[in-house]
Each structure stands twice: as C-alpha cells, then as structure tokens.
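These are my notebook entries on one structure. I set down what I looked up, topic by topic.

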Amino acid sequence: SVYPEDSGVYTCTARNAYGEAVSSATIKVFELSQVAVDSLAYSSMSQLEAVEARSAQAQSHALAWEEDVEQFVRPSFTHKPRSLDNLVEGQNAHFEAKLEPIADPNLSVEWFKDGRPITIGHRFRPIHDFGYVALDIVGVISEDTGTYTCRATNNVGSCETQVTLKCKSNFIQGFSSQSQVVAESRTEMSQFQSLEQKSFTRVEMEEETT
C-alpha cells in the first residue's frame, strides 16, 4: 500500500567495474476517490491481461522446447500391436500401436511383411497420427499370412515391433465343414445299422421262443 507522503522522485543506480547507470522516476500518490477506484480497476484489468499474455507466451515457448527436446529422443513403442491368428478370407485385419516421441517432425513409420516393404494401396492402409500407429488390411486373403513388422525411425535411432497374421482359405474352411458333415453322417448311419441289427436279432429270438 502507498500513501500521499510516498510521493517523490525515486532514483535507481546500477554500478559495475565499467561504470554506472542511473534512472529516475517521479511518483505522485493522491487520496483514494471514486475516480481513483475506477482507474485502479482498469489498471488491474490491464495488468491481468498482461500476465495472461505472458503466461500464454511462456506455454508456447515450453511446448516449442519440448518439441526440440523430442527431436533428440530415440523412438519407442509404449503399446505394441497384437497378433491375429484366426482370420478367415474376407475379414478385415487391424493392428494398432502407440509410439513416442509424438511431436518429432523427423519421425517416420514403415510397415513390412516377411521383411519386404508393404505396397500401400486399396487393401493396405497405414496410419500415423500424433503417436498413434495402425495398419488396416481390408478383405484379407490366405496370401496375407505372415510376419508384419512396424519400424519407427528418426534422427537419433530406430525401433521395431512384430506381429503375425494367419488367414485360413475359404476352400479349406468349406472342405473341413464338408468333411465334418460326412463324418457325422457316417456315424449316424452306423448307429442306425446297429439299431436295425439289434431289432432284427430281437425278432428272431421271439420267433424261436414261440
């Protein structure tokens, strides 16, 4: 708090081995009035806005600093994709993972199948967005069976993770179902023949008894 008697000329002097610098300012303190209150409120609002502006600028500088730091961090998977071992032709495959750093502009992600780069197209759709990595395969076929590798690389180094995909052919699936039906039919036929044989034997025994 200040009072009218605090009015006066204030001088600040800075000295070092090379000399000194002097700065003066005049402060006038008046008694509190309604006008002063309004002026104080306006001044306080201006100061608050100035503080908020400096805070926003500091946050912006902090974010820029974090991005700069991330450019010196080797990539790593914080969440790895899961293998898919029981797909049937025509289904869709989806692999997803999470990767750090998330804001490195030099970070690149590649997908490989059995050691060879995947050809991006209608069926193979990779995604890399702010640390989220995914690969969608639309309408899988038996030839898609194999080992899939996701490799992340930046200026510091690289890391990779692997998953497997196994897809059964519809022909094999259908043949297996047909074989099961045939086996069940043969079992039912054997049971029916056994039942007939037992019935025939029972009739013969009844005829001999009479």
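**Entry 1: Cysteines**

I began with Cys159, which counts as buried because its relative accessibility is 16%. I use three classes: buried means under 20% relative accessible area, exposed means over 50%, and partly exposed lies in between, with a 1.4 Å probe and protein chains only. I noted that this is a predicted model, in which local features need pLDDT of at least 70 and side-chain atom pairs count only at pLDDT 80 or more, while totals for chains, interfaces and linings use all residues. Residues are numbered from 1 along each chain as its sequence is written, and side-chain values use heavy atoms, with hydrogens and water left out.

How far is the sulfur of Cys159 from the closest cysteine sulfur? I found 7.9 Å, to the sulfur in Cys150, which is too far for a bond. A disulfide is a pair of cysteine sulfur atoms within 2.5 Å. By this rule I counted zero disulfides. I also looked up Cys12, which counts as exposed at 52% relative accessibility.

**Entry 2: The chain as a whole**

I recorded two helices and 11 strands in the protein chain. Helices (H or I, at least four residues) and strands (E, at least two) are DSSP runs, numbered from the N terminus. Along the sequence the pattern reads β-β-α-β-β-β-β-β-β-β-β-β-α.

Of the 210 residues in the protein chain, 17% are buried. I noted an accessible surface of about 15900 Å², with 54% of it belonging to carbon and sulfur atoms. Accessible areas come from the Shrake-Rupley method with a 1.4 Å probe, and for residues only the protein chains shown count as cover.

I then turned to contacts, meaning heavy atoms within 4.5 Å. Among contacts between residues at least 6 apart in sequence, 57% join residues at least 24 apart.

**Entry 3: A sheet**

In what order do the five strands of the open sheet stand? I read E4-E11-E10-E6-E7, with mixed pairing. Strands E4 (84–88) and E7 (116–117) are at the edges with a single partner strand each, so one side of each has no neighbour in the sheet. Two strands pair if DSSP finds at least two bridges between them. In general, strands of a sheet pair through backbone hydrogen bonds, either parallel or antiparallel.

I looked at one pairing in detail. Strand E6 (residues 108–113) and strand E10 (residues 146–153) run antiparallel and are joined by six bridges. Lys113 stands opposite Tyr148 in E10.

**Entry 4: An aromatic pair**

Tyr148 came up again when I searched the whole structure for aromatic pairs and found one. The ring centres of Phe95 and Tyr148 are 5.9 Å apart and the planes stand at 35 degrees, so I entered the pair as tilted. Rings of Phe, Tyr and Trp (its six-membered ring) pair if their centres lie within 6.5 Å; planes under 30 degrees apart count as stacked, over 60 as edge-to-face and the rest as tilted. Phe95 belongs to strand E5 (residues 93–100) and Tyr148 to strand E10, and the two residues are 53 residues apart, so I noted that the pair links distant parts of the chain. Are Phe95 and Tyr148 buried or exposed? I found that both Phe95 and Tyr148 are buried.

**Entry 5: Salt bridges**

A salt bridge is a side-chain nitrogen of Lys or Arg within 4 Å of a carboxyl oxygen of Asp or Glu. By this rule I counted three.

- Lys113 and Asp114 form a salt bridge, with the closest N and O atoms 3.1 Å apart. Lys113 is partly exposed at 21% relative accessibility, and Asp114 is partly exposed at 46%.
- Arg123 and Asp144 form a salt bridge, with the closest N and O atoms 2.9 Å apart. Arg123 lies in the loop between E7 and strand E8 (124–129) and Asp144 in the loop between strand E9 (132–137) and E10, so the pair ties together parts 21 residues apart in sequence. Arg123 is partly exposed at 23%, whereas Asp144 is buried at 4%.
- Arg151 and Glu160 form a salt bridge, with the closest N and O atoms 3.1 Å apart. Arg151 is partly exposed at 31%, and Glu160 is partly exposed at 43%.

**Entry 6: Ile137**

I closed with Ile137, found in strand E9. Ile137 counts as buried at 1% relative accessibility. Leaving aside neighbours within four places in sequence, Ile137 is in contact with several residues, including Phe95, Tyr148, Arg123 and Asp144. From Ile137 to Phe124 I noted 13 residues in sequence and 4.8 Å in space, C-alpha to C-alpha.
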